[in-house]
Amino acid sequence: QVQLVESGGGLVQPGGSLRLSCEVSGSIFRRNDMAWHRQAPGKERELVASITSGYMTSYADSAKGRFTISRDNSKNTVYLQMNSLKPEDTAVYYCHMRVSPVVEATYDYWGQGTQVTVSS
């Protein structure tokens with residue numbers, strides 16, 4: 001069965017850095033597109049960054065220049081390096097995997113979420 005396990009969240013001061021990790025099991029990781037989403041209290045979940053099986057990356061405007069998404073297929077892991085963190089980055093961060101075994105079907109899997117708190 002598919003499982004996404006996240007780690008790396010925590011409390012950090014403004015201007016600090018964190019690296020989130022998401023290890024995937026039960027799927028052909030290298031063939032799948034991955035992403036990080038976040039959800040702050042009272043707000044809708046938003047896409048932060050994504051990386052395709054072909055290593056194409058994209059970022060939300062709020063993350064550009066500060067966040068970097070990457071993947072290591074040998075470890076079945078996707079990362080989110082977050083630098084210059086701001087209080088408005090505080091949210092629960094979710095790892096997401098999209099699986100498309102055939103062109104007409106897609107399946108979405110989510111991690112449990114990890115809390116990131118940016119505060120002095």
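A residue is termed buried when its relative accessible area is under 20% and exposed when that area is over 50%, with partly exposed residues in between. By this criterion, cysteine 95 is buried in the present model, because its relative accessible area is 0%. The model is a predicted one, and the values reported below were computed from it.

Cysteine 95 takes part in a disulfide with cysteine 22, with a distance of 2.2 Å from S to S. The structure holds 1 disulfide. This pair links distant parts of the chain, since cysteine 22 belongs to strand β3 (residues 18-25) and cysteine 95 to strand β9 (residues 91-102), 73 residues apart. Cysteine 22 also has a relative accessible area of 0%, and it is therefore buried. The torsion about the S-S bond of cysteine 22 and cysteine 95 is about -85 degrees, so the disulfide is left-handed.

Strand β3, which carries cysteine 22, is also part of an open sheet. In this sheet, 4 strands follow one another in the order β1-β3-β8-β7, and their pairing is antiparallel. The edges are occupied by β1 (3-7) and β7 (67-72); each has a single partner strand, so one side of each lacks a neighbour in the sheet. From one strand to the next, the twist averages 15 degrees. The partner of β7 is strand β8 (residues 77-82), to which β7 is joined by 6 bridges, the two strands running antiparallel. Within this arrangement, arginine 71 stands opposite valine 78 in β8.

Valine 78 also appears in the largest nonpolar core, which contains 27 residues. The members that touch the most other members of this core are Met34, Trp36, Phe67, Val78, Leu80, Met82 and Tyr93. Two or more residues are given to the core by each of β3, β4 (33-39), β5 (46-51), β7, β8, β9 and β11 (114-118). Strand β9 gives the most, with 5 residues.

Charged side chains were examined next. Side chains of opposite charge can pair when their charged atoms come close. The structure holds 5 salt bridges. In one of these, the side chains of arginine 38 and glutamate 46 meet at 2.7 Å, N to O. The two partners fall into separate accessibility classes: arginine 38 counts as buried because its relative accessibility is 6%, whereas glutamate 46, at 34%, counts as partly exposed. Arginine 38 forms a further salt bridge with aspartate 89, in which the closest N and O atoms are 3.0 Å apart. This second pair links distant parts of the chain, as aspartate 89 lies in the loop between β8 and β9 and arginine 38 in strand β4, 51 residues apart. Both aspartate 89 and arginine 38 are buried.

Another salt bridge is formed by arginine 98 and aspartate 108, with 2.9 Å between the closest N and O atoms. Arginine 98 lies in strand β9 and aspartate 108 in strand β10 (residues 105-110), so this pair ties together parts that are 10 residues apart in sequence. Arginine 98 has a relative accessible area of 38% and is therefore partly exposed. Aspartate 108 likewise counts as partly exposed, because its relative accessibility is 35%. Through salt bridges that share partners, Arg38, Glu46, Arg66 and Asp89 are joined into one network.

How values were computed. Residues numbered from 1 in each chain as written. Predicted model: local features only at pLDDT ≥ 70, side-chain atom pairs only at ≥ 80, totals over all residues. Heavy atoms only, no water. Disulfide = S-S within 2.5 Å. Buried < 20%, exposed > 50% of the residue type's maximum accessible area, 1.4 Å probe, protein only. Pairing = 2+ DSSP bridges. Axes fitted to C-alpha atoms, helices over the stretch in contact; angles between N-to-C directions. Core = buried A, V, L, I, M, F, W, Y, C linked by side-chain atoms within 4.5 Å. Salt bridge = Lys/Arg side-chain N within 4 Å of Asp/Glu carboxyl O.
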